[in-house]
Each structure stands twice: as structure tokens, then as C-alpha cells.
Amino acid sequence: MNITRENTGDLTATVRIEILKQDYEEKVIKQLKDFQHKANIPGFRPGKVPVGLVRKMYGKAIVADEVNKIISDSLAQYIQDEKLEVLGNPLPNGEKNHDYTFDAEQDFEFYFDMGMAPEIGLNLSAVQPVSRYVITVDDIMLDNYITDMRKRYGNSIHPETAGEEDMISGEIVETGPDGEIIENGTKKNVFINISQLKKEDTKKRFTGLKKEDKVVLTPDFFEDSEEVVKVLGIKEEVANKEGISFALTVNDIYHTDPANLDAEFFGKVYPGTEISNEEQFREQVRKDASASFSGETDKLFYHHVTDALLHEIPIQLPDLFLKRWLTEHKESKLTPEEVEKQYGSFTESMKWQLIENKLIREHNIRVEEAEIRDYIKSYFLRQIPMNSEDPEAEKRFDSLVDTVMKNNEQVQKINDELYTGKLLEVFKTNLPVEEKEISYEEFITLASAKHDHDHEHMHHHEHDHEHDQDHKHEH
């Protein structure tokens, strides 16, 4: 067998594969003998079918199958040996290929067209500065954060009557239009935070309630069925019943006196620090609140980097080949008209994949299985803190991790997220970054505009990372 390559353009080539009879003859004979032993043909005892009859009946298909295997294996091996970065898949050359019938064993030659990835010049330090936003926390937002903290660390009491900032606990039972309790209807304990109710008149109806008071909750208490589901914790189909109502019996009332802004409170929120006054405390809360938005700002920064690199790095693609591949590729199932319409979005995604692959190679970015396992374990630890004194706790968490690792789709998502995180660090370290302080409202406007732009232009790509140690990228 011989393989040769002829360049047909800057980024295209045609590969000629010559397959000689001796390349497949031995395997064909073995297959024929296997068929001879297994064939069940009327008039012949099992295993006694003449080999000539077997060849006549199955020889054509066997030869074709063996030749196709050689083509597939040899093409893949050739691409690997020559270190070719191929775009799409090799396509049969319709003009040069013969229409073989495989009726007789003979020598064959096949031609395949290939599109090649271009060389990319990638100098991150030469890219125009990319904006990275830092969300500033204004005084109103800061006050809201501190109010929540004071409630969280406050002193809980049980007043006789409910105020607008209080929570009511009680039992609800489903009733019909006549007020009668519905047999086998919804019955459950609920906690209702009065301040979180949407309608002002509803807040006033709850204000002043006492223990053992009874109230009939009707749909007009709530803005919509969505609020009914959220506040009462019932199923959507129950909330949407015609004429639905609930009898509420108040069991208890909870009121939280906010914690004082003193050293004791500061120590509870930030143990081990030397915060001694309100000014220091507010500054620390402001920093933490701003940092809490880093996930959102990093995501927008990543998108801005993507746009900048795609805009500033010239990448030429073998367009005619790729359009042909999209049309002929059995998985895409696109018409030539659809290819023309979607080609801009497709090439943008492919160009980013090429840039991403080069960055991964140049910066030796890898995601090991141990990192994925640590990520999963950390997630569970945030949900269920592990008791370090329990000798079986580690085994239980490892078992949970093992279960998630069997879900290939979930593992791939985590793998992609870890790759993105490592690429993000490369960008922060190597790109000229221009930090800008903006308010949260301004950030939301920017992020929404970016999302709408991407949606309009169908700008999306999927990471093509494998999570094993010998990962490679295929297009």
C-alpha cells in the first residue's frame, strides 16, 4: 500500500491511496473461510459449503469491507504520522476515483480531498487592550447587604402580633368555594415572609395577625399563580385550580431584631480579623460584594477576548472545501443554500476553535481526571459539609464522585469549565487588560447587549476537549 499527497492549494491537498491485492487478500481468505464454516445454505451440511460458492455469494461484500477498513485506518494513520491538522474530514474526489464493483480481487487506487488548518500567528501581548469590568458597590447596594447580614446574625423573638418585616408559620388546608375543607386536598405547614409578598394590600392583611388567627387565602392575595406556588410551596396544577382557596391557621410569629453594628457582630461576620468600627466593616463588605460578581464579569471578559482575538488575528480558511464538506457531511444535512446562509457563523466558530487549540498547546493547558474529581467533591462539600471525625465520610464522598464520573455528559461539561478557567487565567496574565469600574446596572446593560448580539449572529462554539491525559482536538 502506498499513500502520496499533492497540494492543490494553500490549504488543500489530494491524497492518493494505492491498495494492492496483497494488502487485503489474506484477510479476505480468512473471512471467506469463516463464512464457509458458519454459512447455512440449503442443500449443504454446515461447514461443507464449497468455498467457490461462498466467494460467489459473499466475496464482493467482503473485499469491499476489507478495502474500506484499510482506507479508513491508513488515512487516519497518515494524518497522525504527517502531523496534519485537518479541517472537517477527507472527502472522496469524485473526478479521480474509479467506480469499482469489487467483483474481482485487484489493485485499487482512491483519491481524497483534504482541507488543512492554517498556521496562526498568536501574540497576545500585541492585541489591543481588552476591557475587564470591576463592579462597584454603591451605598444603596451596600446598605442592603449589611441589612441582610444584620438580620442573619440578629436576635429572633416571637411577638404577639405580626409586623410587615415578620414571618408567619402556620398550617394551610385546601378549601372549596363554600369554605368547606376538601377531603384529600392539599394540607401542609408553611412559612410566609410578609415583606416578600408582592401586593401591598396583602402585606397589610397579614400585618396584625396573632397566634391561632385564621385567614382564608384566595387568589386575590397573590399577584399570580407563580407567586402562589413560591409562597405556599404547592404544585402548579394545584395553584391553577378554579376557585382554589386555603384556610390558614397561624401557629407562630417570628421577628428578628437586627444585630447591632458593634465589635461582636463584626467578629461573627469576619472572625479572626481586626475590624473594630463600622467604617472598616463597610469597606470590607464592599470589597467582598464586588468580588462576588467576579464570575459574571469574568464571563463577559472572556467574550470580549474572544471577539478581540477573532477580529485582530487574520485566519484564512479553505472556504470552498469547507462549504463542500458541510454540504456532503452526512451529519450536517445542510443544503448549499443553508451552508451559504450559515457559513459566517460556522467559520467564526471554527476560527475560535483553532485559536483556542493553539493557546492550549502553547501554554500546555491540561485538565487531569483528578482535577475533575476534586471539582465534583468540592461541589458536594458545599452542599453537605463533611464531618472530619467520621471515618466513613471520605468513602461516602468518593462514592458520590464515582457516580458522577460515570455520567459522560456531566464530566464533559466540568472538563470544559475547567479548560475555560485555565484559558481565562492565560488571558488575564498575557493580554493587555484595561480595568474599568462600572455600576451593577451598567454591567447588566452591557452583558445583555452582548448576549443579544451573540444570539442574533448565532455566535457560539463548543469546547472540543477530552478529559483524559492524552487529550487531542478534532474538528
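In strand S10, alanine 247 is the bridge partner of valine 173, and this pairing opens a report on a strand, its neighbours and one helix. The structure is a predicted model, in which local features need pLDDT of at least 70 and side-chain atom pairs count only at pLDDT 80 or more, while totals for chains, interfaces and linings use all residues. Residues are numbered from 1 along each chain as its sequence is written, and side-chain values use heavy atoms, with hydrogens and water left out.

**Strand S10 and its partners**

Helices (H or I, at least four residues) and strands (E, at least two) are DSSP runs, numbered from the N terminus, and two strands are said to pair if DSSP finds at least two bridges between them. Strand S10 covers residues 245–257, and the table sets out strands that pair with S10.

| Strand | Residues | Sense relative to S10 | Bridges |
|---|---|---|---|
| S6 | 155–157 | antiparallel | three |
| S7 | 167–175 | antiparallel | nine |
| S9 | 214–217 | antiparallel | four |

Individual bridges give these pairings an address: asparagine 155 is matched with aspartate 257 of S10, valine 215 with leucine 248 of S10, and threonine 175 with serine 245 of S10.

Strand S7 also pairs with strand S8 (residues 187–193), in the antiparallel sense and over seven bridges, and here the partner of valine 173 is lysine 187. Seven of the nine residues of S7 are buried (under 20% relative accessible area, with exposed meaning over 50% and partly exposed in between, for a 1.4 Å probe and protein chains only), so S7 is largely enclosed by the rest of the structure.

**Aspartate 252**

Aspartate 252, which lies in S10, is buried, with a relative accessible area of 16%. Its side chain is joined to that of histidine 158 by a polar contact of 3.2 Å, a term for a pair of N or O atoms within 3.5 Å; within protein, one must be able to donate a hydrogen and the other to accept it, and residues adjacent in sequence count only if both atoms are side-chain atoms. Leaving aside residues up to four places away in sequence, aspartate 252 is in contact (heavy atoms within 4.5 Å) with His158, Met167, Ile168, Ser169 and Lys211.

**Helix H12**

The buried residues of helix H12 are Ile372, Ile376, Lys377 and Phe380. They cover an arc of only 130° around the axis (taken from the directions from the helix axis to the C-beta atoms), which puts them on the same side of H12. What covers these buried residues includes helix H13 (393–405) and helix H14 (408–430).
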